[in-house]
Amino acid sequence: GGAEEAARALNALLERCWSLDPNLRPDIGEVCDALESILAGYDAPAVAGAARPADAEVASRAAEKEGRAEAMAVDPSLVIDAGSAEGAALAQAGVFRGKALELKCGYFQTIGSRDSQEDRVVQSSPYPYAGGGGAHLLAVFDGHRGGEASEHCERRLCKVLADCLRAEAAEAPPSTTAAEPGLDLPSRALVRCFRSLDASFQNANPGCNAGATALACLVCGSRVYVANCGDCRCVVGGAFGARDLSRDHTTSCARERARIEAAEGGRGALSFQVDSWRIGRCGLQVTRSIGDADVKPLGVTSDPEITVHDLGDGDDFLCLASDGLWDVVSSDEVAGMVRDTVKNPSMVAQRLGLEAASRGSGDNISVLVAFTKQGVGSHERIFANGREEHAFTQTYYGSR
């Protein structure tokens, strides 16, 4: 078709998108299909020597829809063989619960007002498994006193966690102890992984006191394992609002201060400086982290706190972010902005990150959003039966 035909088709699509009747508006899938159809049918004027990369892009997307897309190359060391004893143990433990949940993930990062970007994001979806099942691994690392620790965690997380899953599966089930009551195999593997990342970073970087807070989310079927070490945060949300799946580990938490004071070497480690409690001569505010070798003897630990959550009907999305977001945006505000934004995870993450920057966040900002349901409603219907269906979330530039 020619340019005129493509223009008519595009105008017709735009008219449907702006229809006064919400039932006549296409959803995001229909819009994408229509745009691909317009592009596929458009014969651009031939230019000597010019390539048409759009053709390859359309063919690639069509192949994906038909299940013919070539598999991406995967590091063999990450693949857990379903036929092995470890693979069978992991399947039995529920790490790989049949087919992996189809997540739609996207993330956004901005350096903010800092001189360098010390945050790192990991998104391995799905997490490799040779049995046709799979899990998802999502993580955010927030570096401080340099980016060395967060870079180390970003590079090694996937491999270290795979090794820890294998190791936990190969060992006999541990007896329940008072220190770690009732931790199942995925939880034990996450704890082991964080400890291993901490040890390997300190061994590889003697004399380096850089550190990083760490947040990892392992999605096994409909069950979510959240390992948190520091002040990054994970929330699950939907039409009901938001629910925190992690607890901030900072000196403002009385429980964490008590843990530091009770630790060997922690006596006298805390002092109130300017506006908050601080640890050691470096004045660290977080009580758990990877790295930070100089304050590890004072009670700072790399042991994560584990939260297990079973996704329910009202759980539409997960949001993992560094404290650059949470310092100025609440969990409930995140749920509201997700509800008010078109359900493209990258667009949602960008809106949240830019909102935090607009509110004056003084830190690096990293936001990762994962929608847990395919075809989740966009919630853009504002009025129903003459009444506002849900209140809008006020943002720096307004809303809607």
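## Salt bridges in the model

A salt bridge is taken here as a side-chain nitrogen of Lys or Arg within 4 Å of a carboxyl oxygen of Asp or Glu. The structure is a predicted model, and by this rule the count comes to 23 salt bridges.

## Strand E11 and its partners

Glu305 and Arg247 satisfy the rule, their side chains meeting in a salt bridge with an N to O distance of 3.0 Å. Because Glu305 lies in strand E11 while Arg247 lies in the loop between strand E7 (241-244) and helix H7 (254-262), the pair ties together parts that are 58 residues apart in sequence. Glu305 counts as partly exposed at 22% relative accessibility, and Arg247 is likewise partly exposed, with a relative accessible area of 23%. Both residues also belong to a network of salt bridges that links Arg247, Arg255, Glu256, Arg259, Arg288 and Glu305.

Strand E11 takes part in another salt bridge through Asp310, which pairs with Arg223, the closest N and O atoms being 2.7 Å apart. Here, too, distant parts of the chain are linked, since Arg223 belongs to strand E5 (residues 223-229) and Asp310 to strand E11 (residues 305-310), with their positions 87 residues apart in the numbering. Arg223 is partly exposed, with a relative accessible area of 23%, and Asp310 is partly exposed with a value of 43%.

## A salt bridge within helix H5

The side chains of Lys159 and Asp163 meet in a salt bridge of 2.7 Å, N to O. Both residues lie in helix H5 (residues 148-170), where they are four residues apart, about one turn of the helix. Lys159 has a relative accessibility of 34% and therefore counts as partly exposed; Asp163, with a relative accessible area of 32%, is also partly exposed.

## Packing of helix H4 against helix H5

Helix H5 also packs with helix H4 (residues 85-92), at an angle of about 90° and with the two axes 8 Å apart. Because an angle of 65 to 115 degrees counts as roughly perpendicular, H4 is described as roughly perpendicular to H5.

On the H4 side the contact involves Glu86, Ala89 and Leu90, which meet Leu165, Arg166, Ala169 and Ala170 in H5. Sorted by class, the contact of H4 with H5 has five nonpolar residues, two charged residues and no polar ones. The charged residues are Glu86 in H4 and Arg166 in H5.

Key
Residues are numbered from 1 along each chain as its sequence is written. This is a predicted model: local features need pLDDT of at least 70, side-chain atom pairs count only at pLDDT 80 or more; totals for chains, interfaces and linings use all residues. Side-chain values use heavy atoms; hydrogens and water are left out. Helices (H or I, at least four residues) and strands (E, at least two) are DSSP runs, numbered from the N terminus. Buried means under 20% relative accessible area, exposed over 50%, partly exposed in between (1.4 Å probe, protein chains only). Axes are lines fitted to C-alpha atoms, for helices over the stretch in contact, and angles run from 0 to 180 degrees between N-to-C directions. Angles under 35 degrees count as roughly parallel, over 145 as roughly antiparallel, 65 to 115 as roughly perpendicular and the rest as oblique. Contact means heavy atoms within 4.5 Å.
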